[in-house]
Amino acid sequence: MPSTVLIVDDHPLFRRGVAQLLAMDPEIEVIGEAAHGAAAVELARAKEPDLILLDLNLKSAAGSAEIGIDVLTALKDDDPARRVVMLTVSDAPDDLMHAIRAGADGYLLKDMEPEDLLARVREALTGTTVISDALAGRLAAALPAEAQDIGRKAERDLSSLTDREQAVLRCVAEGQSNKLTARTLNITEGTVKVHVKHLLKKLGFRSRVEAAVWATQLGRRDAGQR
C-alpha cells in the first residue's frame, strides 16, 4: 500500500503542484487537500494520513488570517503521534523553533527544488525528522538551549513506559526511522507507530523531536551519575 499524504495550504495552485509532484512516486498517494485548519483536522481524523504537509500561514474558512502553528497544535492535540511537516516560505529562525516546539516533525521551505522536496517527503514518511538544508545549522545551534528547556519541564517518569516502548524510545533518540526501528526490534512498522503514539502521550511530548532530545539528555545525565 502507498504511503498517504494530506496537503494543507490556502493556495489551490500550490496544492495542485505539490500533489502532482508527489504523484510522480507510485509509493505516495495524496488522499486529501485542505485550505484551512478546520478542514485539515476533519480530514486528518477521517483519513488518518501518514504525513501532513502544513503551510505556516493560512486563511480560515471565514477568510481571516490563520496561524499554521495553531493548526499544528490542534492536529497534535488530537493525536500526538500524527506526523506533520511544515512547508513554508519563512526561513526565520523564530518560526522554525516555534514550529519544532509546537510539535512539528519537520520544516521545509517552498523554494526547494522539486526533486529535493520529493526526497524529503519520502524521508519524512519513514519517520525521519526533515529540515531544509538552509535551516539545519540554525536548528543545531538552537537545540542545546531547547534541550535545557525540555529538561526544565515537569519530571517525566521513564518507568511509565513498557519495556517495548522504552526500546522504541531509544531508537527514536538515535534518530532511527520507523522502518529502521521495526527492523531493529523485529516488529512491524505499524506496531512502531502505535508505540510512538503511546509513549508520546505518556510522556507528554508533542513530537519525536522533543522525545529524542529528552531521552538523549536523560541518557547523558544518567551516564554522568555513574
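I take two strands as paired if DSSP finds at least two bridges between them. The model I am reading is predicted.

**Strand 7 and its neighbours**

I began with strand 7, residues 106–109. Thr 88 stands opposite Leu 109 of this strand. I then looked up the pairing of strand 6 (residues 84–88) with strand 7, and found three bridges in the parallel sense. On the way from strand 6 to strand 7 I passed helix 4, residues 93–101; the three elements form a right-handed β-α-β unit.

Next I went to strand 8, residues 130–131. Strand 8 runs parallel to strand 7, and two bridges join them. I noted Val 130 as the bridge partner of Gly 106. Here the connection goes through helix 5 (residues 114–125), and I logged strand 7, helix 5 and strand 8 as a left-handed β-α-β unit.

Which residues of strand 7 are on each side, and are they buried or exposed? I found Gly 106 and Leu 108 on one side, with Tyr 107 and Leu 109 on the other, and all of them are buried. Side chains in a regular strand alternate between the two faces of the sheet. I entered both faces of strand 7 as covered.

**Ser 90**

I looked up Ser 90 in the loop between strand 6 and helix 4. Its relative accessible area is 13%, and since buried means under 20%, I count Ser 90 as buried. Leaving out residues up to four places away in sequence, I found that Ser 90 touches Leu 56, Asp 95, Tyr 107 and Leu 109. A polar atom of the Ser 90 side chain lies 3.4 Å from the backbone nitrogen of Ala 92.

**Phe 14**

I found Phe 14 in helix 1, residues 12–22. At 25% relative accessibility I entered Phe 14 as partly exposed, because the value falls between the cut-offs of 20% and 50%. Beyond four places in sequence, its contacts are Asp 9, Leu 87 and Lys 110. Phe 14 and Lys 110 are 96 residues apart in sequence, and I noted 9.5 Å between their C-alpha atoms.

**Helix 9**

I checked the length of helix 9, residues 189–203. At 1.5 Å a residue its 15 residues should span 21 Å, and the end C-alpha atoms are 21 Å apart, so the two agree. I listed Val 192, His 195, Val 196, Leu 199, Leu 200 and Leu 203 as buried in this helix. They cover an arc of only 130 degrees around the axis, so I place them on the same side of helix 9. Gly 204 follows the helix, and I noted its positive phi, near 75 degrees.

Definitions and conventions: Residues are numbered from 1 along each chain as its sequence is written. This is a predicted model: local features need pLDDT of at least 70, side-chain atom pairs count only at pLDDT 80 or more; totals for chains, interfaces and linings use all residues. Side-chain values use heavy atoms; hydrogens and water are left out. Helices (H or I, at least four residues) and strands (E, at least two) are DSSP runs, numbered from the N terminus. The expected span of a helix is 1.5 Å times one less than its number of residues. Buried means under 20% relative accessible area, exposed over 50%, partly exposed in between (1.4 Å probe, protein chains only). The arc is that of the directions from the helix axis to the C-beta atoms. A crossover is right-handed if, with the strands pointing away from the viewer, the path from the first strand over the helix to the second runs clockwise. Contact means heavy atoms within 4.5 Å. A polar contact is a pair of N or O atoms within 3.5 Å; within protein, one must be able to donate a hydrogen and the other to accept it, and residues adjacent in sequence count only if both atoms are side-chain atoms.
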